[in-house]
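Student: I would like to go through this model with you and ask, term by term, what lies behind each description.
Tutor: Please begin wherever you like, and we can set each value against its cut-off.

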Amino acid sequence: MYFRYAKRLLTETDLRLLWKLAWNFGFKGMRAIGKHKRRLARGEFFPPFLYLSIINSCNLRCQGCWVDVAAKQEKIEIDALSRVIREANAQGNYFFGIVGGEPFMHGEILEIFRRHPDCYFQVFTNGHFITDDIAAQLRQCGNVTPLISVEGNEIISDQRRGGQSVLNHTMEGLRRCVENRVVTGVCTSVCKTNLEDLVCESWVDRLIELGVLYMWYHIYRPMGPDAAPELALSPEEQTRIRRFVVEMRVCKPIGIIDAYYDHDGQALCPAATGFTHHVSPWGDIEPCPIIQFAKESIYDKRALADVFNNSEYLRDFRDLAASTTRGCIVLERPDLLHELNVLHEARDTTARQSATRELCALVPRPSQASMAEPIPEKSWAYRFAKRHFFNDFGAYDAPRNPLQPSEVDG
Ligand code: SF4
C-alpha cells in the first residue's frame, strides 16, 4: 500500500507542490512539535498549530454549525493575519488551518498564501467558490491544500447544509483542484445521516478514483443555534469509525487523518494537549473552534507568544479538559466548561451572544473517549508518526483540576 500511495503522490500532483508539502508541512511540522515539547519542558507554552477563522460568512447553513454565518461579515484583514503568522513563525510554526465560515469568501485569501511562501496552509472549504482560475492560482502558490467537506449524497448534502445542489457544486470545486494537480483532501463530519454512505470502502475507493490524496473523518458535534442533536453518533458508531479508519490505513493508497487518537488508540483532545488553539473571525483566542469563549485576542497590545504563554484561561481549560476526560469536554461535561467560563469571566465571542445559553442547554453525550477498548494503529507508518508527532505530550499525566483548588493553590 505504501508504494502505491507514494506512486500516487509522485504522479498525481505537481512535484513542486509535493516538495512544499514535504518541507513546509512535513519537516517544519516535525520541527514545530520538537520546539513545542522543549517549551513545555521549560514550563512555557505556544501551540505548534493554529486554526485561523479568517471570515464568518458562508453561503451554506449547515446543521450543527457554530459559526455566526448569517451575521454581519467579519474577517481578519490580511495585515493582521500576516502579523499573527509571522509571530507564530518566530515560535517555529509554519502550518496553519484556515477555517471560517467559508474561507474562499475572503477576498484576500490567495494573498495570504502568496505572502507566506515558507508556510503551509490547509483550507477547510465547501469548494463552492473554487473556480478553475482559483484552482490554477492555488497550484501556483503551491503551499496550500484545500480540504473539501462532503457531508452526504445529493439529498443528504442539501439537507445537512441547507442549500440546493450542494454536492454538485462541491464536486465541481474538487474536480478543478484535482485537474490542477493541487494536493486535495476530503473531510466529513460523520453523523447519523451520512455514516452508511461515507464510512465505507466504496467511498474511499471513489475518492482515490477522483484523485483525492487524503481524507479526514470528524465526529459530528451538535453545536450552534441549529444543533440537530439527533444526528450525534453513539459510542458503537464512533468505535466503528475508528476501527474502519485503522483498517483502511493498511490497505488503501490514500492518507487518512484523525485528531482524536494516539498510536495506541488512546483518545485525546488536541486542545487539551495544547496541540492547537483557535482564532475566531473577530480575533478572539479560543480553546478550539466550538468553544466560543475567550479572554484574549490577537488585537491585544501584546506579543502573541506572551498572550499564549500567560493565558490563565487557556491553561485552565487544558488542565480542566485533561483532568475530566481524554475525550471531548464539550460533549461529555459542558457544565464544567461553563463553570470555568464563569470562574474566568470568559466572554461569549459570538455575534449572536447565545453561546452560554447553548452550552448550558447541551446534554452530555459520548465522545471519542467512549470506546470500550482502545483500537491501536495497525499501520507502522501511522504508529511512528503518532508516537513521535501526535500524542498527548504528557497532558493526561496527573493534570490539576482548576475548579477544585488544591492545598497548593490555597
Ligand atoms: S474540546 Fe472537543 S471539539 Fe474541541 S478540540 Fe477538544 S475534542 Fe475537539
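Student: Which residues of α5 are buried?
Tutor: In this predicted model, the buried residues of α5 are Ile134, Ala135, Gln137, Leu138 and Cys141.

Student: What puts these buried residues on the same side of α5?
Tutor: They cover an arc of only 160° around the axis, and that places them on the same side of α5. The elements that cover these buried residues include α2, α4, β4 and α7. After α5 comes glycine 142, whose phi is positive, near 80°.

Student: Why is α2 called oblique to α5?
Tutor: Helix α2 (residues 15-41) and helix α5 (residues 132-141) pack at an angle of about 60°, and their axes are 9 Å apart. Roughly parallel requires an angle under 35 degrees, and roughly perpendicular begins at 65. An angle of about 60° fits neither class, so α2 is oblique to α5.

Student: Which residues make that contact, and how do they divide by class?
Tutor: Arg16, Leu17 and Lys20 of α2 meet Arg139, Gln140 and Cys141 of α5. By class, this contact of α2 with α5 has 2 nonpolar, 1 polar and 3 charged residues.

Student: What makes α6 roughly perpendicular to α7?
Tutor: The axes of helix α6 (residues 154-161) and α7 come within 7 Å and cross at roughly 100°. The range for roughly perpendicular is 65 to 115 degrees, and the crossing angle of roughly 100° therefore makes α6 roughly perpendicular to α7. In this contact, Glu154, Ser157, Asp158 and Arg161 in α6 meet Val166, Leu167 and Asn168 in α7, and the residues divide into 2 nonpolar, 2 polar and 3 charged.

Student: How do you know that the buried residues of α9 line one face of the helix?
Tutor: The buried residues of helix α9 (residues 201-210) are Trp203, Val204, Leu207 and Ile208. Seen down the axis of α9, these buried residues fall within an arc of 145°, so they line one face of the helix. The face turned away from the buried side of α9 carries the exposed residues Ser202 and Glu209.

Student: What do the buried residues of α9 pack against?
Tutor: They pack against α1, α7, β5, α8, β6 and α10. Just after α9, glycine 211 takes a positive phi of about 95°.

Student: How many aromatic pairs are there, and why is the pair of phenylalanine 49 and phenylalanine 275 called edge-to-face?
Tutor: A search of the whole structure finds 17 aromatic pairs. The rings of phenylalanine 49 and phenylalanine 275 have their centres 4.8 Å apart, which is within the 6.5 Å required for a pair, and their planes stand at 65°, which is over the 60 degrees required for edge-to-face, so the pair earns that name.

Student: What does this pair tie together in sequence?
Tutor: Phenylalanine 49 lies in strand β1 and phenylalanine 275 in the loop between β7 and β8, so the pair ties together parts that are 226 residues apart in sequence. Both phenylalanine 49 and phenylalanine 275 are buried. Ring pairs also link Phe25, Phe49, Phe95, Tyr120, Phe275, Phe390 and Phe393 into a cluster.

Student: Why does asparagine 59 count as partly exposed?
Tutor: Buried would need under 20% and exposed over 50%, so asparagine 59, at 33% relative accessibility, falls in between and counts as partly exposed. Asparagine 59 has its place in the loop between β1 and α3. Leaving aside neighbours within four places in sequence, asparagine 59 is in contact with Glu102, Met105, Asn126, His128 and Phe129.

Student: What makes isoleucine 290 buried?
Tutor: The relative accessible area of isoleucine 290 is 11%, which is under the 20% limit, so isoleucine 290 is buried. Isoleucine 290 is placed in the loop between β9 and β10, and, not counting residues up to four places away in sequence, isoleucine 290 touches Trp66, Arg221, Met223 and Val330.

Student: How do you know that glutamate 345 is exposed?
Tutor: Glutamate 345 has 66% relative accessibility, which is over the 50% cut-off, so glutamate 345 counts as exposed. Glutamate 345 lies in the loop between α14 and β12, and has a positive phi of about 50° although it is not a glycine.

Methods
Residues numbered from 1 in each chain as written. Predicted model: local features only at pLDDT ≥ 70, side-chain atom pairs only at ≥ 80, totals over all residues. Heavy atoms only, no water. Axes fitted to C-alpha atoms, helices over the stretch in contact; angles between N-to-C directions. Helix = DSSP H or I, 4+ residues; strand = E, 2+ residues; numbered from the N terminus. Parallel < 35°, antiparallel > 145°, perpendicular 65-115°, else oblique. Contact = heavy atoms within 4.5 Å. Nonpolar A, V, L, I, M, F, W, Y, C, P; charged D, E, K, R; others polar. Buried < 20%, exposed > 50% of the residue type's maximum accessible area, 1.4 Å probe, protein only. Arc of directions from axis to C-beta. Phe/Tyr/Trp six-rings, centres within 6.5 Å; stacked < 30°, edge-to-face > 60°.
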